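Me: I'd like to go through this one label by label. Can you back up each term with its cut-off as we go?

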Amino acid sequence: MLSDNAHIEGLFPEASQNWDLDRLYADLQAVSGKEIKPFEKACLRGLLCRYRPGQLAFKLSWTSGALRVELNKGLYRSLEAIAGQPTNTLRWEKVPEWLEAKSYKVQRQTLHDLKSNFLTQANISANSADWGEAPNIQAFYGRTEELNKLEQWIVGDRCHLLAVCGMGGIGKTALMVKLVENIYTQFDYFIWRSLRSAQPTAQLLSDLLQFLDGSAQTGCSISDVIELLRQKRCLVVLDDFEATLQDGELVGAYRQGCEGYAEFLQRVGAERHQSSLILISREQPKEISMNQGEDQLIRYYKVNGLQRQGAVELLRARGFTGSENGLEALVQQYRGNPSALRIVAGTIQELFNGNVSEFLKQTALALGDVLRTLLYQQFERLSKLEKDILYWLAIKHRPVSLATLRSQISLQSSGSELIDALESLRWRSLIEKVTEQGEVMFLLEPVVLKYVNRKFVEEVSKEIVAIATQQNLKSIDLLQSHIIVEDLAPDSIRAMQIRLVLKPIKDKLAKAIDQNNLELESLREKLASGQPLSLPEGTNYTEANLALIGLWW
Ligand SMILES: Nc1ncnc2c1ncn2[C@@H]1O[C@H](COP(=O)(O)OP(=O)(O)O)[C@@H](O)[C@H]1O
Ligand SMILES: [Mg+2]
């Protein structure tokens with residue numbers, strides 16, 4: 001019985017994030033004149049988190065019928081009373097609305113309010129917490145276990161350095177805001193800074209020093225800051241850390257002026273002090289990757305999409321009931337990516353009248369503008385080799401082994417460069433690694449796949465149109481290094497390559513021919529006679545591609 005109660009009391013803890021449960025329990029008790037039972041409290045929490053009674057029964061291991069009878073006898077009547085509603089009118093889905101109208105919802109309007117609530121009970125004082133550019137996260141679903149784990153790492157294990165990484169839009173910043181809200185009062189000082197504008201190390205150090213020590217200094221050193229981290233227990237969060245890293249390089253090289261971050265991270269990780277530094281980044285700095293481990297004071301946490309439950313809650317908050325056909329498939333397809341789910345939820349509501357299966361049938365992956373912008377930023381930062389690999393993985397449309405990448409693909413680089421680039425792409429969270437029948441394979445995240453595919457079509461179309469308009473092959477690049485449709489691919493994949501790559505390219509060419517009155521015959525002849533061809537040695541897909549497009553025979 002004891003463990004039963006403990007189980008029941010542990011259900012739906014997330015309700016306490018948004019609701020003043022203590023007051024609610026006390027008021028319910030006052031109107032009913034009886035103690036409210038643990039299962040009633042659990043059901044109330046569940047209803048506030050928008051679980052249906054059937055799901056509550058399942059969680060409690062009761063039958064739905066029995067639960068309904070019990071709730072009708074007690075909790076439902078008391079809820080009507082405190083909500084000022086007539087008896088026997090309660091509909092379970094109305095409960096959050098009713099209680100919100102009676103101000104039981106915690107008002108977390110601004111972080112300032114939050115801060116002042118906390119300040120009264122904790123040792124942190126008003127001028128020792130600085131939220132900087134941290135966003136105010138109103139709606140946050142799921143991730144309870146992750147929050148617990150990270151809290152253990154920072155508060156329990158007193159990690160010195162934690163890097164939280166994952167692709168743009170996956171929810172890193174939101175997750176860290178929630179973590180910090182839970183733990184910052186346990187530190188003497190807390191400061192949040194975004195490095196979005198790639199502040200030079202010196203500038204950040206003097207900013208930190210001024211905040212921690214009150215002394216405005218220029219020319220302060222890393223040692224000065226570490227000394228303060230030693231004297232006081234500080235929590236420092238640096239968001240958007242990837243901005244300090246160079247574009248177009250493999251992961252890990254710093255921008256000019258930001259080189260000092262390498263030493264700063266290395267020393268915060270290695271030296272004795274009582275503080276914690278959290279980095280939030282799309283890319284993993286190598287000072288972390290080389291030294292991190294679960295038994296170390298330097299840790300790495302990869303943020304993935306939301307688990308099923310959190311994802312469904314997010315969709316529920318955007319107008320779904322949670323029981324639509326296809327909802328599971330939708331969550332799967334977007335890997336629980338909160339930005340992507342928010343975007344498609346809107347699309348489905350607006351264009352498909354909320355019909356998820358219809359949406360899934362009619363579209364591959366609809367990418368909203370937000371995600372596209374995120375991916376664009378991420379893609380533009382990549383080195384040429386990294387981009388080439390992504391294009392190949394997009395064309396292949398299936399997991400690809402290192403051996404295949406090496407042999408089939410004409411990448412003008414050594415094996416070790418290839419491995420570095422693959423690692424770098426993994427750190428940037430753009431590719432996934434899976435093991436199939438004992439072999440390591442690489443593939444693109446579905447949302448990334450869609451983006452890269454579109455980008456490939458765009459770039460190749462540009463090349464083709466340039467060839468047609470200039471009547472020469474000077475602008476050739478991807479057409480030479482990547483095949484558009486693979487001869488030896490399985491039929492289903494070939495069909496996909498034809499539909500998603502070849503067809504749109506041919507369409508764009510046809511349009512350009514129309515608009516510019518282009519004459520293709522002479523180009524074909526020129527190409528066939530080999531006149532404008534002066535191509536480098538090595539694997540070259542130009543002829544095959546031009547044949548596919550219809551410019552060569
Ligand atoms: N657990 C979550 N529940 C609901 N919305 C979320 C959650 N995590 C992230 N979001 C939302 O998704 C978007 C992207 O999240 P963000 O934390 O900014 O991603 P990142 O920092 O990884 O780029 C934001 O609008 C954020 O509020
Ligand atoms: Mg962020």
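Reply: Sure, starting with residue classes: Ala, Val, Leu, Ile, Met, Phe, Trp, Tyr, Cys and Pro count as nonpolar, Asp, Glu, Lys and Arg as charged, and the others, Gly among them, as polar. By that scheme the shell around ligand 1 has 9 nonpolar, 5 polar and 2 charged residues. Bear in mind that this is a predicted model, where local features need pLDDT of at least 70 and side-chain atom pairs count only at pLDDT 80 or more, while totals for chains, interfaces and linings use all residues. Residues are numbered from 1 along each chain as written, chains are lettered from A and ligands numbered from 1 in the order written, and side-chain values use heavy atoms, with hydrogens and water left out.

Me: What makes a residue part of the surroundings of ligand 1, and which come nearest?

Reply: A residue is near a molecule if one of its heavy atoms lies within 4 Å of it. There are 16 residues around ligand 1, and Tyr141, Gly169, Lys172, Thr173 and Ala174 come nearest.

Me: Why is the pair formed by ligand 1 and the side chain of Lys172 called a polar contact?

Reply: A polar contact is a pair of N or O atoms within 3.5 Å; within protein, one must be able to donate a hydrogen and the other to accept it, and residues adjacent in sequence count only if both atoms are side-chain atoms. An oxygen atom of ligand 1 is 2.8 Å from an N or O atom in the Lys172 side chain, so the pair qualifies. Backbone atoms join in too: a polar one of Tyr141 is 2.9 Å from a nitrogen atom of ligand 1, and an N or O atom of Ile170 lies 3.4 Å from an oxygen atom of the ligand. The protein covers 82% of the 550 Å² of accessible area that ligand 1 has on its own; such areas come from the Shrake-Rupley method with a 1.4 Å probe, and for residues only the protein chains shown count as cover.

Me: Which helices and domains supply the shell around ligand 1?

Reply: Helices (H or I, at least four residues) and strands (E, at least two) are DSSP runs, numbered from the N terminus. α11 (172–183) and α18 (338–351) each supply at least two residues of the shell. Domain 2 (111–302) and domain 3 (308–372) each give at least three, with bounds from an automatic or database domain assignment.

Me: Why is Asn88 called exposed?

Reply: Buried means under 20% relative accessible area, exposed over 50%, and partly exposed in between (1.4 Å probe, protein chains only). Asn88 has 59%, so exposed is the label. Asn88 sits in the loop between α7 (75–83) and α8 (95–101), and its phi is near 65 degrees, a positive value in a residue other than glycine.

Me: What makes Ser103 partly exposed?

Reply: Its relative accessible area is 49%, so Ser103 counts as partly exposed. Ser103 is in the loop between α8 and α9 (111–121).

Me: How do you know that Trp62 is partly exposed, and what does Trp62 touch?

Reply: Trp62 has a relative accessible area of 31%, so partly exposed fits. Contact means heavy atoms within 4.5 Å, and Trp62 touches Phe39, Ala57, Leu67 and Glu70, not counting residues up to four places away in sequence.

Me: How many residues are in the chain, and what share is buried?

Reply: Buried residues make up 49% of the 553. The chain has 28 helices and 9 strands.
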